[in-house]
Amino acid sequence: MMNENNVETGGCLCGKIKYEFNRKDVVSSGHCHCKDCQKITGSGKATIVFVPTKKLEINSDSSVIKGFHIRCSYFDLHPPTHSIVCQS
């Protein structure tokens, strides 16, 4: 959700992970329909937003964070992108 300061905020459904970033820091974004992204999201597509790690603020209890790599066939991600997933 964007506010008047151009800051995007969001989080997981249970609310234990929250993130924010400024829209001006977005490097790229898009939708991917490859099989890997469909499996990861459980839907027909993944919406992917690329933000430099240093520009992404994550507020959460570290016990609920699980990291993994996305291997996307559409976006040429080398090395694979790190993502954060809520375990609760």
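Student: Let's start with Glu8: is it buried or exposed?

Tutor: The label comes from relative accessible area: buried is under 20%, exposed is over 50%, and partly exposed is in between (1.4 Å probe, protein chains only). Glu8 comes out at 16%, so it's buried. Before going on, note that this is a predicted model, where local features need pLDDT of at least 70, side-chain atom pairs count only at pLDDT 80 or more, and totals for chains, interfaces and linings use all residues. Numbering runs from 1 along each chain as its sequence is written, and side-chain values use heavy atoms, with hydrogens and water left out.

Student: What percentage of the chain's residues is buried?

Tutor: Of the 88 residues, 24% are buried.

Student: Back to Glu8, then. Which side chain does it meet in a salt bridge?

Tutor: The general idea is that side chains of opposite charge can pair when their charged atoms come close. The cut-off here is a side-chain nitrogen of Lys or Arg within 4 Å of a carboxyl oxygen of Asp or Glu. Glu8's partner is Arg23, at 2.7 Å from N to O. Arg23 sits in the loop between S2 and strand S3 (28-32) while Glu8 belongs to strand S1, so the bridge ties together parts 15 residues apart in sequence. Arg23 itself is partly exposed, at 45%.

Student: How many salt bridges are there by that rule?

Tutor: Two. Lys24 and Asp25 also form one, at 4.0 Å from N to O. Lys24 is exposed at 64%, whereas Asp25 is buried at 16%.

Student: You mentioned strands. What elements does the chain have?

Tutor: Elements are DSSP runs numbered from the N terminus: helices are H or I with at least four residues, strands E with at least two. Here you get one helix and seven strands, in the order β-β-β-α-β-β-β-β from the N terminus.

Student: And how do I read a sheet? What is the strand order in the open one?

Tutor: Strands of a sheet pair through backbone hydrogen bonds, either parallel or antiparallel. To count as a pair, two strands need at least two DSSP bridges between them. The open sheet has three strands, ordered S1-S2-S5, with antiparallel pairing. S1 (7-11) and S5 (57-60) are the edges: each has a single partner strand, so one side of each has no neighbour in the sheet. The average twist from one strand to the next is 15°, using axes fitted as lines to C-alpha atoms (for helices, over the stretch in contact) and angles from 0 to 180 degrees between N-to-C directions.

Student: How many bridges join S2 and S5?

Tutor: Four, with S2 covering residues 17-22. As a landmark, Lys18 is opposite Asn59 in S5. Also in S5 is Ile58, which is partly exposed at 34%.

Student: What about the loop between S4 and S5: is Lys54 there buried or exposed?

Tutor: Exposed, at 82%. Its C-alpha is 9.9 Å from that of Asp25, 29 residues away along the chain. By contrast, Phe50 in strand S4 (46-50) is buried at 18%.

Student: Last one: which element has the lowest mean pLDDT?

Tutor: pLDDT is the predictor's confidence in each residue, from 0 to 100. Where it is low, the predicted coordinates should not be read in detail. Strand S7 (81-86) is lowest with a mean of 56, and S1 is highest with 90. Across the chain the mean is 76, and 67% of residues reach 70 or more.
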